[in-house]
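Visitor: Could you walk me through this structure, one question at a time?
Guide: Gladly, let us bring it up and begin.

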Amino acid sequence: AGERKDGKNVQFKEISKCKIVIDLAFRTFASRISHHCESIIIHNNIEKNKEFITDNITKVVSTEYYKLHSILSAYEINEVNVASKLKEEWIDDIANECLDIIYNGQDSLNRIAQISNRLDIIADEHSVFVNNKVFNH
């Protein structure tokens, strides 16, 4: 006896898989940026290298955003491409959030913890936003 393919079951599995990919992609996005910021805080004279660091953070966030876009563009639910729900202004918003924390004057450990926590919150917020736009339109 062959296994019957139930259309709803297949669709449910695809939706579940897509939701997991969205969540994991945003977590990876946040983690990569967080590690980069941590390295900058630990290894750079941040005041002396402010222009370089500002450019660098913006490029890293942009690169990670487009990696995220590439991953999510492989998924389409109900004729909605998941990546189409990302917003390019998030690049500058996130870069500015990171730079504000890097230059907030607190000690290194506090800044590292703040960046990690803030990026986790941003990743969760954006993941929920994308999920809502894709699955509840």
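What follows is a set of questions and answers about a predicted model.

Visitor: How many salt bridges does the structure hold?
Guide: Side chains of opposite charge can pair when their charged atoms come close. One such pair here is Arg-27 with Asp-23, and another is Lys-67 with Glu-64. The total held by the structure is four.

Visitor: Let us take Arg-27 and Asp-23, then. In which helix do both lie?
Guide: The side chains of these two residues, Arg-27 and Asp-23, meet in a salt bridge, 2.9 Å from N to O. They are four residues apart, about one turn of the helix. The element that holds both Arg-27 and Asp-23 is helix 1 (residues 7-43).

Visitor: Is Asp-23 buried, partly exposed or exposed?
Guide: Buried would need under 20% relative accessible area, and exposed would need over 50%. Asp-23 has 25%, so this residue falls in between. Its partner Arg-27, at 48%, belongs to that middle class too. The word for Asp-23 is therefore partly exposed.

Visitor: What is the N to O distance in the salt bridge of Lys-67 and Glu-64?
Guide: Lys-67 and Glu-64 both lie in helix 2 (residues 50-72), three residues apart, about one turn of the helix. Their side chains meet in a salt bridge, and the N to O distance is 3.2 Å.

Visitor: And which residue of that pair is buried, Lys-67 or Glu-64?
Guide: Lys-67 has a relative accessible area of 37%, so this residue is partly exposed. The value for Glu-64 is 8%, and the limit for buried is under 20%. The buried residue is therefore Glu-64.

Visitor: Which residue forms a salt bridge with Arg-118?
Guide: The closest N and O atoms of the pair are 2.9 Å apart. The two residues link distant parts of the chain, 21 residues apart, with Arg-118 in helix 4 and its partner in helix 3. Arg-118 is partly exposed at 26% relative accessible area, and the partner is partly exposed at 27%. That partner is Glu-97.

Visitor: Which residues are joined into one network by salt bridges that share partners?
Guide: We have already met the salt bridge between Lys-67 and Glu-64. Salt bridges that share partners join these two with one further residue. The network consists of Arg-32, Glu-64 and Lys-67.

Visitor: Which residues form the negative surface patch?
Guide: One member, Glu-88, lies in the loop between strand 2 (80-81) and helix 3 (89-102). Glu-88 has 52% relative accessibility, so this residue counts as exposed. The patch is formed by Glu-88, Glu-89, Asp-92 and Asp-93.

Visitor: Lys-85 is in that loop as well, I believe. How far apart in space are Lys-85 and Ser-62?
Guide: Lys-85 does lie in the loop between strand 2 and helix 3, and is partly exposed with a relative accessible area of 26%. Leaving aside neighbours within four places in sequence, the contacts of Lys-85 include Val-80, Trp-90 and Phe-129. Lys-85 and Ser-62 are 23 residues apart in sequence, and their C-alpha to C-alpha distance is 16 Å.

Visitor: What is the phi of Glu-79, roughly?
Guide: Most residues other than glycine have a negative phi. Asn-78, in the loop between strand 1 (76-77) and strand 2, has a positive phi near 50 degrees. Glu-79 is found in the loop between strand 1 and strand 2 and counts as exposed at 75% relative accessibility. Its phi is positive too, at about 65 degrees.

Visitor: Is His-126 buried or exposed?
Guide: His-126 lies in helix 4 (residues 108-135). Beyond neighbours within four places in sequence, His-126 is in contact with Phe-26, Trp-90 and Ile-94. Its relative accessibility is 12%, and under 20% is the limit, so His-126 counts as buried.

Visitor: Last one: which residues does Ser-127 touch, not counting residues up to four places away in sequence?
Guide: Ser-127 lies in helix 4. At 5% relative accessibility, Ser-127 counts as buried. The residues that Ser-127 touches are Ile-22, Asp-23 and Phe-26.

Methods
Residues are numbered from 1 along each chain as its sequence is written. This is a predicted model: local features need pLDDT of at least 70, side-chain atom pairs count only at pLDDT 80 or more; totals for chains, interfaces and linings use all residues. Side-chain values use heavy atoms; hydrogens and water are left out. Patches are made of residues with over 30% relative accessible area and no salt bridge: like charges are joined within 9 Å, nonpolar side chains (Val, Leu, Ile, Met, Phe, Trp, Tyr) within 5 Å. Accessible areas come from the Shrake-Rupley method with a 1.4 Å probe; for residues, only the protein chains shown count as cover. Lys and Arg count as positive and Asp and Glu as negative; His and the chain ends are not counted. The place of a charge is taken as NZ of Lys, CZ of Arg, CG of Asp or CD of Glu. Buried means under 20% relative accessible area, exposed over 50%, partly exposed in between (1.4 Å probe, protein chains only). Contact means heavy atoms within 4.5 Å.
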